[in-house]
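The exercises below ask you to read a protein model step by step, with a worked solution after each task. Please keep the sequence and the coordinates at hand while you work through them.

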Amino acid sequence: MVQGTPFLLVLSMALVAPSFSAGKCILTGHWANDLGSNMTIEALNGKGEFMGSYHTAVTATKNEIQLSPLQGSQHSTNSNSQPTFGFTVNWKFSDSITVFTGQCFVDEEGKEILKTMWLLRSRVDNLKDDWKATMVGTNVFTRLHSRK
Ligand code: BTN
């Protein structure tokens with residue numbers, strides 16, 4: 001009986017371990033970021049491409065914020081674990097465009113997290129103002145409703 005204990009220990013570890021490493025990060029769903037912005041990513045197609053919508057909590061303009069479309073893609077060779085991705089938001093209430101690039105991670109508690117960097121390109125009136133037209137930043141997104 002005592003001799004069997006190490007065997008049972010190893011067996012139970014072997015059975016439990018895969019459930020820790022099996023965490024998949026899936027882009028589809030509702031997300032919120034550290035600025036309070038919300039986005040929805042629709043189902044990915046066979047090529048890893050997706051569409052969605054973005055409601056920003058902040059704006060560099062004085063315009064009224066409106067829900068805006070996004071389009072992006074996830075890297076196809078790493079789609080089953082912690083994929084890299086990128087998407088573009090074409091703002092409906094300004095002349096600006098934002099591109100996000102990032103990776104979908106599963107943290108130690110099994111929670112999905114999107115770590116992103118973005119470039120926000122604003123329209124300027126002339127070439128001389130080009131130097132001030134692009135902002136850069138980071139956003140961290142977490143899922144709004146946990147997956148079942
Ligand atoms: C604009 O101000 O012209 C459009 C809205 C830009 C919102 C930016 S995009 C990067 C950052 N992350 C957000 O969630 N919102 C801001």
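At 15% relative accessibility, R143 counts as buried, where buried stands for under 20% relative accessible area, exposed for over 50%, and partly exposed for what lies in between, with a 1.4 Å probe and protein chains only. This is a predicted model, in which local features need pLDDT of at least 70 and side-chain atom pairs count only at pLDDT 80 or more, whereas totals for chains, interfaces and linings use all residues. Residues are numbered from 1 along each chain as its sequence is written, and side-chain values use heavy atoms, with hydrogens and water left out.

**Exercise 1. Find the salt-bridge partner of R143, and say where in the chain the two residues lie.**

Solution. Begin with the criterion: a salt bridge is a side-chain nitrogen of Lys or Arg within 4 Å of a carboxyl oxygen of Asp or Glu. Under this criterion R143 pairs with E112, and their closest N and O atoms are 2.5 Å apart. Next, place the two residues: E112 belongs to strand β7 (residues 112-121) and R143 to strand β8 (residues 134-143), so that the pair links distant parts of the chain, 31 residues apart. Helices and strands here are DSSP runs, numbered from the N terminus, with H or I over at least four residues for a helix and E over at least two for a strand. Finally, check the surroundings of the partner: E112 is buried too, its relative accessible area being 8%.

**Exercise 2. Work out how many salt bridges the whole structure holds, and describe those of R121 and R123.**

Solution. The search of the whole structure gives five salt bridges. In one of them the side chains of R121 and D130 meet at 2.8 Å, N to O; R121 is partly exposed at a relative accessible area of 36%, and D130 is likewise partly exposed, at 36%. In another, R123 pairs with D125, the closest N and O atoms being 3.0 Å apart, and both of these residues are exposed. The last step is to look beyond the pair, since D95, R123 and D125 are linked in a network of salt bridges. As general background, side chains of opposite charge can pair when their charged atoms come close.

**Exercise 3. Identify the disulfide, give its geometry, and explain what it ties together.**

Solution. A disulfide is a pair of cysteine sulfur atoms within 2.5 Å, and by this rule the count comes to one. The cysteines are C25 and C104, with sulfur atoms 1.8 Å apart, and the angle of -75 degrees about the S-S bond makes the link left-handed. C25 lies in the loop between α1 (4-21) and β1 (29-33), while C104 lies in strand β6 (residues 97-106), so the pair ties together parts that are 79 residues apart in sequence. Both ends are out of the solvent by the accessibility criterion: C25 counts as buried at 1%, and C104 counts as buried at 0%.

**Exercise 4. Trace how strands β1 and β2, β2 and β3, and β3 and β4 are paired.**

Solution. Two strands are taken to pair if DSSP finds at least two bridges between them. Starting from β1, four bridges join this strand to β2, and the two run antiparallel; W31 has M39 in β2 as its bridge partner. The hairpin of β1 and β2 has four residues between the strands, and G36 takes a positive phi near 95 degrees there. Strand β2 (residues 38-41) is in turn joined by four bridges to strand β3 (residues 49-55), again in an antiparallel arrangement, with H55 in β3 as the bridge partner of N38. From β3, six bridges lead to strand β4 (residues 68-74), which runs antiparallel to β3, and S53 is matched there with P69 in β4.

**Exercise 5. Place V136 in its strand, and name the nonpolar patch that contains V136.**

Solution. V136 lies in strand β8 and is exposed, with a relative accessible area of 56%. Together with I97, V99, M117 and L119, V136 forms a nonpolar patch on the surface with about 410 Å² of accessible area. The elements that give two or more residues to this patch are β6 and β7. Patches are made of residues with over 30% relative accessible area and no salt bridge, like charges being joined within 9 Å and nonpolar side chains (Val, Leu, Ile, Met, Phe, Trp, Tyr) within 5 Å; accessible areas come from the Shrake-Rupley method with a 1.4 Å probe, and for residues only the protein chains shown count as cover.
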